[in-house]
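Here is a quick walk through one protein model, starting with a single side-chain pairing and working outwards. Keep the structure open while you read.

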Amino acid sequence: MALAAAVAAQFNLSNVVNIQFKSATPGTGSPHVLEINPRMSGGCAAGALAGVNLPLLQLLHAAGQQLPMQRAETVMVTSTSAMIRIAPDPAAGDA
């Protein structure tokens, strides 16, 4: 986490970002940065299912408002390619 924070600071990124690393080769030290995306990642939906609303937190942060404490639940993601419905869809018969 400290390395991601250092990379974000180096590029003056202060909002939700996606920084991906490759593990370090044994004996070489730090991991290698693969890519830096100044946007939310595809895992944002999994966070929402766990109870953390990253888009809302992003908007509140950008507006300079205090961020509410959000408690996440433990969830298991079995597939990142499956469609995830976050809100009930009355048209699909969801309650």
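The side chains of glutamate 35 and asparagine 37 are joined by a polar contact of 3.3 Å. This is a predicted model, so take the distances here as values computed from predicted coordinates. Glutamate 35 sits in strand S2, which covers residues 32–37. Is glutamate 35 buried, partly exposed or exposed? Its relative accessible area is 35%, and because buried would need a figure under 20% and exposed one over 50%, glutamate 35 counts as partly exposed.

Once you set aside residues up to four places away in sequence, glutamate 35 touches Asn18, Ile19 and Gln20. Lysine 22 is 13 residues from glutamate 35 in sequence, and their C-alpha atoms are 9.6 Å apart in space.

Now over to helix H3, residues 54–62, where you'll find glutamine 58. A polar atom of the glutamine 58 side chain lies 3.0 Å from the backbone nitrogen of valine 16. Leaving out neighbours within four places in sequence, glutamine 58 is in contact with Asn15, Val16 and Met40. With a relative accessible area of 19%, glutamine 58 is buried, because the cut-off for that label is under 20%.

Leucine 59 also has its place in helix H3. Here the relative accessible area is 59%, and leucine 59 is exposed. So in this helix you have a glutamine that is buried followed in the numbering by a leucine that is exposed. The C-alpha of leucine 59 is separated by 9.5 Å from that of asparagine 15, although the two are 44 residues apart along the chain.

Asparagine 12 is worth a look for its backbone. Most residues other than glycine have a negative phi. Asparagine 12 is not a glycine, yet its phi is positive, at about 55 degrees. You'll find asparagine 12 in the loop between H1 and strand S1 (18–22), and at 68% relative accessibility it counts as exposed.

Here are the accessibility values of these four residues side by side.

| Residue | Relative accessible area | Class |
|---|---|---|
| Glutamate 35 | 35% | partly exposed |
| Glutamine 58 | 19% | buried |
| Asparagine 12 | 68% | exposed |
| Leucine 59 | 59% | exposed |

Next, the empty space. Rolling a probe the size of a water molecule over the atoms shows where such space is left. Which residues line the largest pocket? They are Met1, Ala4, Ala5, Ala8, Asn15, Val17 and Ile19. Two of these names came up earlier: Ile19 is touched by glutamate 35, and Asn15 is in contact with glutamine 58. Helix H1 (residues 2–10) gives the most to this lining, with three residues. By type, the lining has six nonpolar residues, one polar and no charged. The space in the largest pocket comes to about 150 Å³.

Finally, the whole protein. It has three helices and two strands, and along the sequence they follow the pattern α-β-β-α-α. Of its 95 residues, 13% are buried, and glutamine 58 carries that label. The protein exposes about 7,400 Å², with carbon and sulfur atoms supplying 58% of that area. Among contacts with a separation of 6 or more, 25% are between residues 24 or more positions apart.

Note on methods:
Residues numbered from 1 in each chain as written. Predicted model: local features only at pLDDT ≥ 70, side-chain atom pairs only at ≥ 80, totals over all residues. Heavy atoms only, no water. 1 Å grid on protein atoms, 1.4 Å probe; cavity = no way out; pocket = protein on both sides within 12 Å on 5 of 7 lines; lining within 4 Å. Points joined across faces, edges and corners; volume = space filled by probe spheres on them. Helix = DSSP H or I, 4+ residues; strand = E, 2+ residues; numbered from the N terminus. Nonpolar A, V, L, I, M, F, W, Y, C, P; charged D, E, K, R; others polar. Buried < 20%, exposed > 50% of the residue type's maximum accessible area, 1.4 Å probe, protein only. Contact = heavy atoms within 4.5 Å. Areas by Shrake-Rupley, 256 points an atom, 1.4 Å probe, with all protein chains shown as cover. Polar contact = N/O pair within 3.5 Å; in protein donor to acceptor, adjacent residues only side chain to side chain.
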